[in-house]
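Let's take a friendly walk through this protein together. Have a look at the sequence and the model first, and then we can go through them step by step.

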Amino acid sequence: MKKLIKLTALISTLVLTLTAGILIHGWLFEPPVWLSTSSPNKTYTVELTGDKGRGGFLFMSVVRFNVIRNGQAIVKNAYAHSGDWMDISFELAYPEHAWISENVMRFWRNPHLPEEKEKSDILLISNDTGKAIKYLRIKLEDMFLVFDMQPHSTLKLSSTHQSWSSGVGVEGEFEDGQRIGYGAGFPHYNKVNEPLRYCVSINDSYVKIESPQMEGSDDKGNWDRLNIPKSPSCNP
């Protein structure tokens with residue numbers, strides 16, 4: 001019994017030491033950059049760091065990004081992707097990337113199903129505030145990074161079609177440091193025979209995600225109790 005207690009204590013000490021070592025290493029050392037890409041006119045540079053492979057049993061793989069604007073870092077270690085051993089890795093989820101404009105970057109995987117190739121989902125984003133948005137990370141089937149979205153402006157994006165059910169997640173930060181974050185899911189069971197359409201409205205104190213085609217839910221609802229009604233005013 002005493003030997004078992006000593007062995008348990010030894011294992012606990014080793015685990016704690018390993019965890020502490022990993023945390024200290026993360027604090028003291030900058031993670032290596034494995035992807036660096038610049039916008040067409042070189043205004044922005046995006047750097048990806050972290051583990052792009054599949055996570056393990058004990059530790060999740062996490063990918064983060066830095067943004068450099070005109071030589072000055074404006075975003076550091078922002079969240080891009082994470083997963084454990086049961087989740088898809090970053091490198092499998094997003095083998096393709098490209099700048100689709102000077103301030104918008106897209107990450108995606110080429111679709112395999114015919115219906116996904118034939119139609120793209122459409123997202124309209126509105127900054128309904130009087131201040132600029134420093135950056136947004138937008139997650140549909142594809143992932144988008146948007147920088148310096150100006151006050152009272154709109155942006156339309158096309159993303160790989162999401163079959164059966166779909167979701168839209170938005171997070172980011174205003175220029176003044178105020179955080180942005182919200183997500184919604186839309187179970188449609190492949191009954192919508194056209195590209196899926198969404199509207200994201202970013203206001204000073206809340207974010208709204210709607211669709212003219214489908215009901216949805218956020219963290220206050222679920223698939224059995226959809227709490228986001230269809231929006232006839234959403235017309236991307």
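Is R106 buried or exposed? R106 counts as buried, because its relative accessibility is 19% and the cut-off for buried is under 20%. Keep in mind as you read on that this is a predicted model.

Let's stay with R106 for a moment. This arginine forms a salt bridge with D142, and the closest N and O atoms are 2.9 Å apart. D142 sits in the loop between β8 (133–139) and β9 (143–149), while R106 belongs to strand β6 (residues 104–108), so the pair ties together parts that are 36 residues apart in sequence. D142 counts as buried too, at 1% relative accessibility.

Now step back to the whole protein chain. Its secondary structure comes to three helices and 14 strands. Of the 236 residues in the chain, 42% are buried. Take the contacts between residues at least 6 apart in sequence: 52% of these join residues at least 24 apart. The accessible surface of the chain comes to about 13300 Å², and 55% of that belongs to carbon and sulfur atoms.

The salt bridge we began with has company, since a search of the whole structure finds eight salt bridges. One of them joins R137 to E171, with 3.1 Å between the closest N and O atoms. This pair links distant parts of the chain, as R137 is in strand β8 and E171 is in strand β11 (residues 165–174), 34 residues apart. R137 is buried, with a relative accessible area of 8%, whereas E171 is partly exposed, with 22%. In another pair, the side chains of R197 and E194 meet at 3.7 Å, N to O. Here E194 is partly exposed, with a relative accessible area of 35%. Salt bridges that share partners also join R69, D148 and E175 into one network.

R69 leads us on to a pair of strands. The bridge partner of R69 in β4 is Q72. β3 and strand β4 (residues 72–83) run antiparallel, and eight bridges join them. The hairpin they make has two residues between the strands, and N70 takes a positive phi near 50° there.

Next, look at the interior. Which residues touch the most other members of the largest nonpolar core? They are L123, I125, L136, I138, V200 and I202, in a core of 27 residues. Several elements give two or more residues to this core, among them β7 (120–127), β10 (153–160), β12 (179–187) and β13 (197–202). V200 makes a good example: leaving aside its neighbours within four places in sequence, V200 is in contact with residues including L123, I125, V168, V170, V207 and I209. There is also a second, separate core of 21 residues, which includes V67, A93, W99 and L145.

Let's finish on the outside. F57, L58, F59, W85 and M86 form a nonpolar patch on the surface, and together they have about 680 Å² of accessible area. Within this patch, L58 is placed in the loop between β2 (44–50) and β3 (61–69). L58 counts as exposed because its relative accessible area is 77%, and exposed means over 50%.

Definitions and conventions
Residues numbered from 1 in each chain as written. Predicted model: local features only at pLDDT ≥ 70, side-chain atom pairs only at ≥ 80, totals over all residues. Heavy atoms only, no water. Salt bridge = Lys/Arg side-chain N within 4 Å of Asp/Glu carboxyl O. Helix = DSSP H or I, 4+ residues; strand = E, 2+ residues; numbered from the N terminus. Buried < 20%, exposed > 50% of the residue type's maximum accessible area, 1.4 Å probe, protein only. Patch = residues over 30% accessible without salt bridge, like charges linked within 9 Å, V, L, I, M, F, W, Y side chains within 5 Å. Areas by Shrake-Rupley, 256 points an atom, 1.4 Å probe, with all protein chains shown as cover. Pairing = 2+ DSSP bridges. Core = buried A, V, L, I, M, F, W, Y, C linked by side-chain atoms within 4.5 Å. Contact = heavy atoms within 4.5 Å.
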